[in-house]
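Work through the exercises below with the sequence and the model open. Each task is followed by a stepwise solution.

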Amino acid sequence: MSVDKELVLKISKLSRISIEDDKIDSFIKSFSEILAYIDLLNSASENGLKIKEKRNVHYSIRDDELISKLPIDEVLKNAPRKDGNFFIVKKVIEED
Amino acid sequence: MGFEAVIGLEVHSQIKTNTKLFSSSNIDYGCDPNSNVSEVDLGLPGTLPVINSRAVDLAILAGVSTNCRINKKSTFARKHYFYPDLPKGYQISQYDEPLATKGYLDITTSDAMKKTIRINRVHMEEDAGKLIHDLSNDYSMIDLNRAGVPLIEIVTEPDISSPEEAVKYLKKLRNILIFGGISDCNMEQGNFRCDANVSVRRVGTEKLGTKTEIKNVNSFRFVQKAIEYEINRQIQLIEKGKKVIQETRLFNSKSNKTYSMRSKEDAHDYRYFPDPDLQPLILSQERIDKIINSIPESFEDKISNYLNKFQLSRDDVDILISDKILCDFFDSTLEYVNEPKVVCNWILSEIIRYIKQDNFKLKGENFAKLIRAIVTGKINNNSAKEILSKVIETNENVDTLINDLGLQQESSEAFLSQIIDNVIKDNRKEYDRILNGETKLMTFFVGQVMKETKGKGNPQIINQILKERFRID
C-alpha cells in the first residue's frame, strides 16, 4: 500500500487526531516505514518451519456472576459534564 | 418490466446472561442510569475484557439452533467508531472469524411453499450504551447500563424477497431463540432488533441493485412497513431515472417512512482489527457436543408434536407457540394429565386471559386436577369455571375446593329423572309444545333442571333423559 497525503488525512480524520500541515510529510514517511516492515515480515520465507498454532491456548474465561461494578458517583467521577446520573455531551443527533 | 426486492436481515438479540459479555456488571433492565457499569465498561485505562462463559454457550446454542457450523476457532475484533455510546472508542465484535457460519432457516411463503433462508453468520458482540436526545435541546444524555451487554448478531444472505417473508423469518427466528432459552427477545426492551438491507432490481436481471440499510427497527409491523416503504421509494427513484444512494436510513413509525441518516461517507470505515486484549476463542468438540445434546426438543419438533402426537389443530398450535408462557403451562399440565385437547381448549379459552397477570399463581399440576375433574364428569363446565376463578390467584388445591364448595356434579340418573319429572309436571304447556315439534324448547328444560340441581346436574345425562321423555332422537 502506498501512503500519500490523502491517506494520512483520512486516517487523521477517522481517528479524530488532528495533524498539523507541516507534520504530514513525516507521517507519510513513518506510515510507509511501518507498512514496509510488515511487508518484509510477510515476505519472510518460513524455510520449512511451520508455525504451529498452540492448541491449548490459555484464555481467561469467567462464570456468569456479578463480581464487581462501580458505585454511580465513581462512574461519573471523571465526567466533564453530567446531569443527575447521566453523562451529558453535545447534542449528537440530526433532527429530520 | 416489474421490479423485485432483494432483502437481507441482521438481527441483534440480547442473550440471557446475568452479567455483561466482557465485564461482571449485571444487566438487569430498568435500573437507575449508569448503575450497572464497571471499569471495563467505561474503558478505563488498565482494564482488560474477560469473556463470559455462559454467553459463549448461549451463542453456540443460537448457532446450532439456526443450523450453522460452529467454528472451533473464532476471534474478536475491534470495530472503531466515534459516538459517545461506547466509551472505549470501539465495539468488541467478531469480524473475519465469527463463531458460527453457513446456517439456514426454512420459512413457509404465502403460497404455502417452503423457502430456505440462508444464514451467513452468527457472531457475538457487545451492545452500546443508550443516548437520550429528547430531554434537552442542548445536549444528549448517556446511560451506559447497556454498554457491554452480550448480543448475538444473526445475519442472513440476501434471500428474502418481500416484506412478508422478512416478517415470517423474523417470527421464526424469534421463536427459536425464545424456546431455546437463548433470548427473551423482548422487543419493547430492545433486546430483539432488526436491521434490513434492501435493494431492488428489474425482474430477470441478476445484478444486485444498490442497497440501503434500515437501522434498528424493533417491531414486526415496523419491519414490514419500513421495507415496504423502502422498496417503493427505490422503485420510484429508478423509474424517474435517479440513482439509489448506498446509505443508512432510519424508520419513523409515525410517518411510516424511512429517512436518510445523512451519515458521512466514511462512517462505514470501521478499521477492524483483531482485539489484542482477547485470545482467540477455542472451542472443544466436547463443549459443542454437550450443548447440542442439551437441546431437549427443537422448536420444529415441538410444533410437530403438538400437531401429530397431540392432534391439536393448526390454529390452536399457532396460538400456543406464539407465547412460550402458554406452551410451558400446557407442557407442565400434560405431565400430570394426558388430555391434550381439553387442556389446550381450557388454556386458550380461559387461562390465556389470566396467565400474564402478576398474581397468576396456578400451577400445571393443580390445573391438571381440574381437567381430570372435568373429563371424568366429576364437575361440569360452569363449576370448573367457578373453581378456576378461585384458584388462578391462590393455586388452592382443586380437589379440596370441589369438596368444600360441594360442586361435584350430580350424575345419578334416578335422581335426575325425579327432578326432570317434577319439572315436566310444572311446565305442562311447554311439554305439549315440545311434543308438537318445538324442539328448541329443549334448552328451556335443561335450564330448569340445572336450576333445580343448583347448577350441579350433569348436562349430558340431563340431555339424554330429556330426549327420552320428549322422544327426540
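**Exercise 1.** Over the face of which residue does K88(B) lie, and at what distance from the ring centre?

Solution. The model is predicted. K88(B) lies over the face of Y90(B). The distance to the ring centre is 5.3 Å. Now take K79(B): its charged end sits over the ring of Y270(B), 4.4 Å from the centre.

**Exercise 2.** Classify the ring pair of Y270(B) and Y272(B), then the burial of each residue.

Solution. Step one: the centres are 6.0 Å apart. Step two: the planes stand at 80 degrees, and the pair is edge-to-face. Step three: Y270(B) has 18% relative accessibility, so it counts as buried. Y272(B) has 26%, so it counts as partly exposed.

**Exercise 3.** Do the same for F310(B) and F330(B), and locate both rings.

Solution. The planes meet at 65 degrees with centres 5.8 Å apart, so this pair is edge-to-face. F310(B) is in the loop between α6 and α7 of chain B, and F330(B) is in helix α8 of chain B. The pair therefore ties together parts 20 residues apart in sequence. Both F310(B) and F330(B) are buried.

**Exercise 4.** Describe helix α10 of chain B, its packing and what follows it.

Solution. Start with length: residues 364-375 make 12 residues. The first-to-last C-alpha distance is 16 Å, close to the 16 Å expected. Next, burial: the buried residues include F367(B), L370(B) and I374(B). The buried residues pack against α8, α9, α11 and α12 of chain B. Last, just after α10(B), G377(B) has a positive phi of about 80 degrees.

Conventions
Residues numbered from 1 in each chain as written. Chains lettered and ligands numbered in written order. Predicted model: local features only at pLDDT ≥ 70, side-chain atom pairs only at ≥ 80, totals over all residues. Heavy atoms only, no water. Helix = DSSP H or I, 4+ residues; strand = E, 2+ residues; numbered from the N terminus. Expected span 1.5 Å × (residues − 1). Buried < 20%, exposed > 50% of the residue type's maximum accessible area, 1.4 Å probe, protein only. Contact = heavy atoms within 4.5 Å. Phe/Tyr/Trp six-rings, centres within 6.5 Å; stacked < 30°, edge-to-face > 60°. Lys NZ or Arg CZ within 6 Å of the ring centre and 35° of its normal.
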